[in-house]
Amino acid sequence: MKTFYITTPIYYANGSPHLGHFLTTSAADALARYYRQELGEENVFFTTGLDEHGTNVEQSAKKEGYSNIQEYVDRRFNEWKKMFDVSQISYDYFVRTTNPKHKDFVKKFISTLVDNGDVYKAKYKGKYCNGCEKFLTKSDLDERGLCPLHRPDQVVEVEEENYFFKLSKYAPKVAELLQKNSLRILPDNKKKEILSRINQGVEDISISRPKEKISWGIEFPNDSNQVIYVWVEALLNYLSSLHINKKEIFWEGQTTHLLGKDISWFHNVIWPSLLLSAKKPLFKESFVHSFLKVAGQKMSKSLGNVITPQDLISRYGLDGARFLILSSLPYKNDSDVTMDYFDKKYSAVLSNGLGNLISRITKLCENTSKEYYLSLGGSLKTQEQLKSKIKDLIKDYKLNEITLLLEEQINFLDKEIQTVKPWENLEESQEFLQGVLLHILFLLHTFNFILPQTSKKVFAHFNFTREQDKKSKIKHLTGLFPRLS
Ligand code: MSP
């Protein structure tokens, strides 16, 4: 792999950042940081951002008294971006779909689909969920005939003339590519779900909406009465971002979309079909995570069980929040979290674990008043083994298992210290302390993509740069992961 392009979904501008967004964005951030270390900064491109058009956004702006919707999304953009910047998300480009360059790109792309004979006009009659921004098919509805994700008043009956895209023409090809793994969906259960849904039959989809119903969108090429369906132009952000930044070359390398299971059909069937129709190469992989639940229930304001990213960051710090959310990554199935679970995990692994380990060892080193060798050397065999395990887990996006590897390493060092008891004969223990110190430096370097702040703080404390080995006296370092009050 030479280059790595990673994306998060673009989030609806009218929403507020919740734990699901924080999960996907932190996972993408960790992967981008990992590959920057592996491939070099310039060979990684990481995008995240906002989906600024559609009914949802238009309605929210009106509700908040904005007659100028652009002003509303500008405000929301500032809020979201601030939140991402405060969280030190290392994105290379923050997407906005109201960017004129994105709009131009989308219009050209849609014109290509029209030119290639894959678009026709027809009547759509059925349900539309404003919450999902989606035309609901039978399989989207629950037993009561309602959208399982949104309030009944969010679902409207529509009968309208739209432009349709020939999804049915491309879906079999997508299935074939998935079967051959030329297009990879991970984990395997998410791939199976897509294949079985394609097998049940695929209908063409509407890709526009009448302007009289929704005006907040990109006008359809050569038809001022229609706007492009928000989902279609949102998917196109993955290409327009590269175009805007003159980074098209990244589309030829490794391309990975991260997303949640509710939007898998859009990404894994509609998006590749649009690309096939436009005769563009497909992305390489998508990683589809499941949902985070709180104590077995969906997070919702009415249940009062919502945990926000801010709750995590203010209680556990940036690295703490990152580590905890990644350790709970719902890999194949939904995973359950509670503040109590986060508290216990934080205390065990970070506060009593890593933070305490670093504090103890630096205190002991300080007490010997000797000089210690600082480098990223140490036992090469252990290093190679750990690095290759991480590499394999990264390939499958198993970030949750990577956090377990770090846990194991911390436990291992703790046990060693407990067995050797260096404090009983401090002067004779220098070699042992030296070994533990090097192991800690190696761990912080290796897991830098998950704990970037901690790694930076420790290296700064030792005044140590990764490139340069040195000998130095060690000063006590405390307060890395403070105890919870
Ligand atoms: N705007 C679309 C995406 C367009 S991408 C071309 C959208 N936006 S969203 O604001 O609703 O964000 C959705 C993301 O949050 C999805 O990846 C979704 O799966 C994720 N999550 C929403 N609730 C979630 C959980 N409870 N747990 C984990 N992720 C969840 O959809």
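A residue counts as buried when its relative accessible area is under 20%, as exposed when over 50%, and as partly exposed in between (1.4 Å probe, protein chains only). Welcome to this predicted model, in which local features need pLDDT of at least 70 and side-chain atom pairs count only at pLDDT 80 or more, while totals for chains, interfaces and linings use all residues. Residues are numbered from 1 along each chain as its sequence is written, and side-chain values use heavy atoms, with hydrogens and water left out.

**View 1. Helix α6 has its buried residues on the same side.** Helices (H or I, at least four residues) and strands (E, at least two) are DSSP runs, numbered from the N terminus. In α6, the buried residues are K190, K191, I194, L195 and I198. They share one side of α6 because their arc around the axis is only 135°, taken from the directions from the helix axis to the C-beta atoms. Look to the other side of α6 to find K192 and N199, which are exposed. Helix α6 covers residues 188–199, and its end C-alpha atoms lie 17 Å apart, in agreement with the 16 Å that its 12 residues should span. That expected span is 1.5 Å times one less than the number of residues.

**View 2. A shell of 21 residues surrounds the ligand.** A residue belongs here if one of its heavy atoms lies within 4 Å of the ligand. The closest are I10, D51, G260, D262 and L292. By type, the shell holds 12 nonpolar residues (Ala, Val, Leu, Ile, Met, Phe, Trp, Tyr, Cys and Pro), 2 charged ones (Asp, Glu, Lys and Arg) and 7 polar ones (the others, Gly among them). Strand β1 (4–12) is one of the elements that supply at least two residues each, alongside α1 (19–39), α7 (230–235) and β12 (254–260). The largest share, 4 residues, comes from β1.

**View 3. Polar atoms of I10, D51 and G260 meet the ligand.** A ligand nitrogen atom is 2.8 Å from a polar backbone atom of I10. For D51, an N or O atom of the side chain is 2.8 Å from a nitrogen atom of the ligand. At G260, a polar backbone atom is 3.0 Å from a ligand oxygen atom.

**View 4. K391 sits in helix α12 (residues 380–395).** With a relative accessible area of 43%, K391 is partly exposed. K391 and Y34 are 357 residues apart in sequence, and their C-alpha atoms are 9.5 Å apart in space.

**View 5. K301 lies in the loop between β14 (292–294) and α10 (309–327).** K301 is exposed, at 79% relative accessible area.

Technical notes:
Polar contact = N/O pair within 3.5 Å; in protein donor to acceptor, adjacent residues only side chain to side chain.
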